[in-house]
Amino acid sequence: MPRLEGKIALITGAARGIGQAIAELFSAEGAQLILSDINDELGQEVADKIGANAKYIHLDVSQESDWQRASMLIEKEYGRLDVVVNNAGITGFLETQGPHDPENLDLDSWHKVHEINLDGVALGCKYGIQLMKNSNHASIVNISSRSGLVGIPAATAYASSKAAVRNHTKSVALYCAEKSYAIRCNSIHPGAIFTPIWDTMLGEGEQREATIKAISAGVPLGVMGDPEDVAYAALYLASNESKYVTGIELNIDGGILAGSTAAPSSK
Ligand code: NAP
């Protein structure tokens with residue numbers, strides 16, 4: 001039996017990268033999908049490619065009015081939600097002027113990153129919980145980052161927002177448990193997953209190849225991850241297979257967080 005048979009799932013930032021991979025895998029596992037993004041052309045293309053079980057809607061996760069509109073539509077057309085994947089996120093490198101280091105950070109840029117990465121997830125949890133009250137087994141999956149678990153000097157807003165997502169996930173998990181809602185909430189912490197989010201950091205041509213090689217050398221498993229690697233983790237947390245799992249953080253990072261570069265070496 002497909003692992004998400006009968007589940008109604010909303011995925012944010014589903015037009016490309018990790019969100020798209022989650023949408024495709026969830027569809028293959030029998031879910032009814034509401035895909036959302038701000039890139040409407042690409043988002044609609046992904047939904048069309050998936051087929052009749054996928055609907056695309058415009059949803060800027062940082063705008064509460066967008067969430068209210070999406071929520072009314074979902075209530076009317078589906079009557080409930082079983083899964084929300086709060087996946088949309090930005091580094092701020094392309095979308096804001098920066099800088100993003102602790103000494104010189106630009107406050108507007110800092111706020112913009114938090115609006116999307118943190119406010120967007122908080123709103124996704126808020127409207128998700130409201131729509132999940134009629135579900136028997138509901139799951140909220142928040143996409144944080146390995147950067148939410150360690151400091152990133154050049155990307156402080158990104159790291160701070162992702163750390164807050166990790167913590168908010170646990171508050172949501174405990175709140176839902178206290179209220180006896182059948183809603184679980186967990187976070188996923190990807191690291192070095194090869195998607196377009198890296199484009200501005202990788203450069204072009206030979207420089208791009210060299211940067212990918214350098215990043216891969218810093219991953220214990222020796223390569224960057226695929227979006228599907230994260231999608232399989234989201235599938236587990238979305239399905240009833242994880243019915244006893246709430247408030248956890250799941251690292252999908254090729255082993256980056258398993259150790260430290262200051263570890264003693266026999267070489
Ligand atoms: P991606 O390829 O850049 O995809 C992100 C998608 O989110 C894009 O379609 C983007 O649209 C959309 N988006 C941006 N702002 C939005 C908003 N306000 N509302 C709704 N959608 C919005 O990134 P990805 O690598 O798949 O990342 C997905 C998630 O994983 C993010 O939360 C990211 O922080 C996290 N993550 C990724 C990695 C990695 O190595 N790739 C590592 C750790 C965590 P536009 O194209 O129009 O901007």
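**Exercise 1. Backbone exceptions**

Is S180 exposed or buried, judged by its relative accessibility? Decide this for the predicted model shown above, and then examine the backbone at S180, A192 and P99.

*Solution.* Begin with the cut-off, which places exposed residues over 50% relative accessible area. S180 counts as exposed because its relative accessibility is 65%. Next, locate the residue: S180 belongs to the loop that joins helix 5 (156-178) to strand 6 (183-190), and its phi is positive, at about 60°, although it is not a glycine. Most residues other than glycine have a negative phi, and most peptide bonds are trans. A192 is also not a glycine and has a positive phi, of about 55°; it lies in the loop between strand 6 and helix 6 (199-202). Since buried means under 20%, A192 is buried, with a relative accessible area of 11%. Finally, the peptide bond from G98 to P99 is cis, with omega near 0°, and P99 sits in the loop between strand 4 (83-86) and helix 4 (107-132).

**Exercise 2. The sheet and its helices**

Determine the strand order of the open sheet, and describe how helix 3 and helix 5 lie against the strands.

*Solution.* The sheet has seven strands in the order 3-2-1-4-5-6-7, and their pairing is parallel. Its edges are strand 3 (54-58) and strand 7 (249-252), each of which pairs on one side only. On average, and with direction ignored, neighbouring strands of this sheet are turned by 20° against each other. Turning to the helices, helix 3 (residues 64-77) lies across strand 1 (8-11), strand 2 (32-37), strand 3 and strand 4, and runs at about 155° to strand 3. Helix 5 packs on the sheet by touching strand 5 (138-143), strand 6 and strand 7, and its direction makes about 160° with that of strand 6. Strand 6 and strand 7 pair in the parallel sense over four bridges, and I188 stands opposite L250 in strand 7.

**Exercise 3. The nonpolar cores**

Identify the residues with the most contacts inside the largest nonpolar core, and find which element supplies its largest share.

*Solution.* This core has 33 residues, and those with the most contacts inside it are I11, I22, F26, L33, L35, V85 and I188. Its largest share, seven residues, comes from helix 8. Another core, of 32 residues, lies apart from it and includes A70, Y78, V113 and M132. As a closer view of one residue, V85 touches L10, I11, T12, I22, F26, V141 and I143, when residues up to four places away in sequence are not counted. In soluble globular proteins, nonpolar side chains tend to be buried together.

**Exercise 4. Salt bridges along the chain**

Among the nine salt bridges found in the whole structure, work through the pairs K126 with E64, R69 with D66, and E249 with K170.

*Solution.* In the bridge between K126 and E64, the closest N and O atoms are 2.6 Å apart. This pair links distant parts of the chain, with K126 in helix 4 and E64 in helix 3, 62 residues apart. K126 is partly exposed at 37%, and E64 is likewise partly exposed at 30% relative accessibility. R69 and D66 have their closest N and O atoms 3.0 Å apart; because they are three residues apart in helix 3, about one helical turn separates them. D66 counts as buried, at 8% relative accessibility. The side chains of E249 and K170 meet at 2.6 Å, N to O, and join strand 7 to helix 5 across 79 residues. To finish, salt bridges that share partners join R166, K170 and E249 into one network.

Methods
Residues are numbered from 1 along each chain as its sequence is written. This is a predicted model: local features need pLDDT of at least 70, side-chain atom pairs count only at pLDDT 80 or more; totals for chains, interfaces and linings use all residues. Side-chain values use heavy atoms; hydrogens and water are left out. Helices (H or I, at least four residues) and strands (E, at least two) are DSSP runs, numbered from the N terminus. Buried means under 20% relative accessible area, exposed over 50%, partly exposed in between (1.4 Å probe, protein chains only). Two strands pair if DSSP finds at least two bridges between them. Axes are lines fitted to C-alpha atoms, for helices over the stretch in contact, and angles run from 0 to 180 degrees between N-to-C directions. Contact means heavy atoms within 4.5 Å. A nonpolar core is a set of buried Ala, Val, Leu, Ile, Met, Phe, Trp, Tyr and Cys residues joined through side-chain atoms within 4.5 Å. A salt bridge is a side-chain nitrogen of Lys or Arg within 4 Å of a carboxyl oxygen of Asp or Glu.
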